[in-house]
Amino acid sequence: MALKIPMRAFALVGLLALAAGCAGMDMAAHRAAMTPSSGSSVPKASGLRMTLMTVPKDPAVGNVELVVSVMDANGDPVTGATVRISADMTDHPMGDLSGEAADQGTGRYSIVMNLGMAGEWKIMVKAAASREEAADEFPVTVK
Ligand SMILES: [Cu+2]
């Protein structure tokens, strides 16, 4: 099956989900526009804050771009952070879906993951920048 999503700078992960016996891939159309998705984080003691967007905004089963924005306590974008993302379904394990998001240079960090089953997912994000760290979890519904 040919991937419809250009590789760009993203790491492509998640093929292990196919081995987990879940539903086959139905590649989502990859929308160019980035629109905010539900989920935002509570400020942590470190001062780092994160939000998550998905592309497309309402993901279907298949490859989904996960875009994390990292901000400091003033709301300014934080570049040069290390952002690790892992994904799983909320009610059963889907195998090891994790990777490091690529730094887009604008405080945004992006990775494409194969969310291989319809239902409720949780996207877990850990960010580390200079002396600060933050972790958060975001709900994503895959149709
Ligand atoms: Cu599943």
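## The turn at Ser 130

With 9 C-beta neighbours inside 10 Å, Ser 130 counts as exposed, because that count falls within the limit of 12 or fewer used for exposed residues. This predicted model places Ser 130 in the loop between β9 and β10. The phi angle of Ser 130 is near 30 degrees, which is a positive value in a residue other than glycine.

The loop belongs to a hairpin formed by β9 and β10, with 2 residues between the strands. Strand β9 covers residues 119-129 and strand β10 covers residues 132-142, and the two pair in the antiparallel sense over 11 bridges. One of the pairs in this ladder joins Trp 121 to Val 140, its bridge partner in β10.

## Confidence and overall make-up

The protein chain averages a pLDDT of 79, and 68% of the residues score at least 70. Over residues 1-21 the pLDDT is below 50, although this stretch has 39 contacts in the model beyond near neighbours in sequence. Residues 23-36 also stay under a pLDDT of 50, and for them the model has 33 contacts beyond four places in sequence.

In secondary structure the protein chain comes to 1 helix and 10 strands, which follow the pattern β-α-β-β-β-β-β-β-β-β-β when read along the sequence. Of the 143 residues, 35% count as buried. Among contacts between residues at least 6 apart in sequence, 66% join residues at least 24 apart.

## The four-stranded sheet

Strands β9 and β10 belong to an open sheet of 4 strands, which has the order β6-β5-β9-β10 and antiparallel pairing. β6 (97-100) and β10 stand at the edges with a single partner strand each, so one side of each is left without a neighbour in the sheet. Neighbouring strands of this sheet are turned by 15 degrees against each other on average, with direction ignored.

At the β6 edge, strand β5 (residues 82-89) pairs with β6 in the antiparallel sense over 4 bridges. In this pairing the bridge partner of Ala 87 is Leu 97 in β6, while Ser 86 stands opposite Ser 98 in β6. The side chains along β6 alternate, in that Leu 97 and Gly 99 point to one face and are buried, whereas Ser 98 and Glu 100 point to the other and are not.

## Two partly exposed residues of β9

Lys 122 lies in strand β9 and is partly exposed, with 14 other C-beta atoms within 10 Å. Leaving aside residues up to four places away in sequence, Lys 122 touches Asp 88, Thr 90, Glu 137 and Pro 139. Lys 122 and Ala 87 are 35 residues apart in sequence, yet their C-alpha atoms are 5.8 Å apart in space.

Met 124 also has its place in strand β9, and with 15 C-beta neighbours inside 10 Å Met 124 counts as partly exposed. Beyond residues up to four places away in sequence, Met 124 touches Ser 86 and Glu 137. Met 124 and Pro 139 are 15 residues apart in sequence and 8.9 Å apart in space, taken from C-alpha to C-alpha.

## The nonpolar core

In soluble globular proteins, nonpolar side chains tend to be buried together. The largest nonpolar core of this model holds 30 residues, of which Val 68, Val 70, Val 83, Ile 85, Ile 123 and Val 125 touch the most other members. At least two residues of this core are supplied by each of β3 (49-55), β4 (62-71), β5, β8 (108-115), β9 and β10. The strand that gives the most to this core is β8, with 5 residues.

The surroundings of Val 68 can be followed residue by residue. Not counting residues up to four places away in sequence, Val 68 touches Met 50, Leu 52, Val 83, Ile 85, Ala 101, Tyr 109 and Val 125.

## A cis peptide bond

The peptide bond from Val 55 to Pro 56 is cis, with omega near 0 degrees. Pro 56 is found in the loop between β3 and β4, and each of these two strands supplies at least two residues of the largest nonpolar core.

How values were computed. Residues numbered from 1 in each chain as written. Predicted model: local features only at pLDDT ≥ 70, side-chain atom pairs only at ≥ 80, totals over all residues. Pairing = 2+ DSSP bridges. Axes fitted to C-alpha atoms, helices over the stretch in contact; angles between N-to-C directions. Buried ≥ 20, exposed ≤ 12 C-beta atoms within 10 Å, placed from the backbone. Contact = placed C-beta atoms within 7 Å. pLDDT = per-residue confidence, 0-100. Core = buried A, V, L, I, M, F, W, Y, C linked by C-beta atoms within 7 Å.
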